[in-house]
Amino acid sequence: MIILVGEGGDIQRINSVISEHSDMILGRQGIPLRERSINVISLVLEGDTDRMGSLTGKLGRLSGVRVRSVVAG
């Protein structure tokens with residue numbers, strides 16, 4: 001999952017939502033792109049599609065946040 005956080009993104013709320021789903025997270029990396037005013041958070045997840053959808057949905061509803069995911073079977 002890739003999470004793009006723009007200038008209006010609430011990092012504390014994003015981290016809170018991610019923490020609610022921490023049991024699915026195998027890896028996490030954050031990359032600040034200061035020249036573009038964007039932060040990128042990449043997550044490697046393992047879990048069922050319902051829980052992943054819950055995480056994607058909660059993050060996607062936050063202001064300043066865009067989420068993209070890829071599922072491998």
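## A walk through the sheet, its helices and their shared core

The buried residues of H2 pack against S1, H1, S3 and S4, and that set of contacts is a handy way into this predicted model. Which residues of H2 are the buried ones? They are Met52, Leu55 and Leu59. Seen down the axis of H2, these buried residues fall within an arc of 60°, so they line one face of the helix. The general geometry helps here: an α-helix has 3.6 residues a turn, so residues three or four places apart point the same way. On the face of H2 turned away from the buried side you will find the exposed residues Thr49 and Asp50.

The length of H2 can be checked too. At 1.5 Å a residue, its 12 residues should span 16 Å, and the end C-alpha atoms are indeed 16 Å apart, so expectation and model agree.

Now turn to the sheet. It is an open one, built from 4 strands in the order S2-S3-S1-S4, with antiparallel pairing. Strand S2 (25–33) and S4 are the edge strands, each pairing on one side only. On average, neighbouring strands of this sheet are turned by 15° against each other, direction ignored. H2 packs on the sheet and touches S1, S3 and S4, and its direction makes about 155° with that of S4.

Let us follow the pairings one by one. S2 and S3 are antiparallel and pair over 8 bridges, with Pro32 standing opposite Asn39 in S3. S1 and S3 also run antiparallel and are joined by 4 bridges. Here Leu4 stands opposite Val40 in S3, while Val5 stands opposite Asn39. On to S4: 4 bridges join S1 to this antiparallel strand, and the bridge partner of Ile3 in S4 is Val67.

The hairpin of S2 and S3 deserves a pause. It has 4 residues between the strands, and Ser37 takes a positive phi there. Ser37 lies in the loop between S2 and S3, and its phi is near 55°, a positive value in a residue other than glycine. Is Ser37 buried, exposed or partly exposed? With a relative accessible area of 35%, Ser37 is partly exposed, because that value lies between the limits of 20% for buried and 50% for exposed.

Back in S1, look at where the side chains go. In a regular strand the side chains alternate between the two faces of the sheet. S1 shows this alternation: Ile3 and Val5 point to one face and are buried, whereas Ile2 and Leu4 point to the other and are not.

H1 brings its own buried residues, namely Ile14, Val17 and Ile18. Viewed down the axis of H1, they fall within an arc of 100°, so they line one face of the helix. Their packing partners are S1, S2, S3, H2 and S4.

With the strands and both helices in place, where do the nonpolar side chains come together? The largest nonpolar core has 16 residues, and the members that touch the most others are Met1, Ile3, Ile14, Leu43, Leu55 and Leu59. Strand S1 (2–5), helix H1 (11–20), strand S3 (38–45), helix H2 (49–60) and strand S4 (65–68) each supply at least two residues of this core.

Leu43 gives a good view of that core. Leaving aside residues up to four places away in sequence, Leu43 touches Met1, Ile3, Ile18, Ile25, Gly27, Arg28 and Leu55.

Ile41 is another residue worth selecting in your viewer. Ile41 lies in strand S3 and has a relative accessible area of 8%, so it counts as buried, the limit being under 20%. Which residues does Ile41 touch, not counting those up to four places away in sequence? They are Met1, Ile2, Ile3, Val5, Ile14, Ile18, Arg28, Gln29 and Gly30. For a sense of scale, Ile41 and Ser19 are 22 residues apart in sequence and 13 Å apart in space, C-alpha to C-alpha.

To retrace the path, start at the buried face of H2, with Met52, Leu55 and Leu59, and move to the sheet it packs on, through S1, S3 and S4. From there go to the buried residues of H1, Ile14, Val17 and Ile18.

Conventions. Residues are numbered from 1 along each chain as its sequence is written. This is a predicted model: local features need pLDDT of at least 70, side-chain atom pairs count only at pLDDT 80 or more; totals for chains, interfaces and linings use all residues. Side-chain values use heavy atoms; hydrogens and water are left out. A nonpolar core is a set of buried Ala, Val, Leu, Ile, Met, Phe, Trp, Tyr and Cys residues joined through side-chain atoms within 4.5 Å. Buried means under 20% relative accessible area, exposed over 50%, partly exposed in between (1.4 Å probe, protein chains only). Contact means heavy atoms within 4.5 Å. Two strands pair if DSSP finds at least two bridges between them. Axes are lines fitted to C-alpha atoms, for helices over the stretch in contact, and angles run from 0 to 180 degrees between N-to-C directions. The expected span of a helix is 1.5 Å times one less than its number of residues. The arc is that of the directions from the helix axis to the C-beta atoms.
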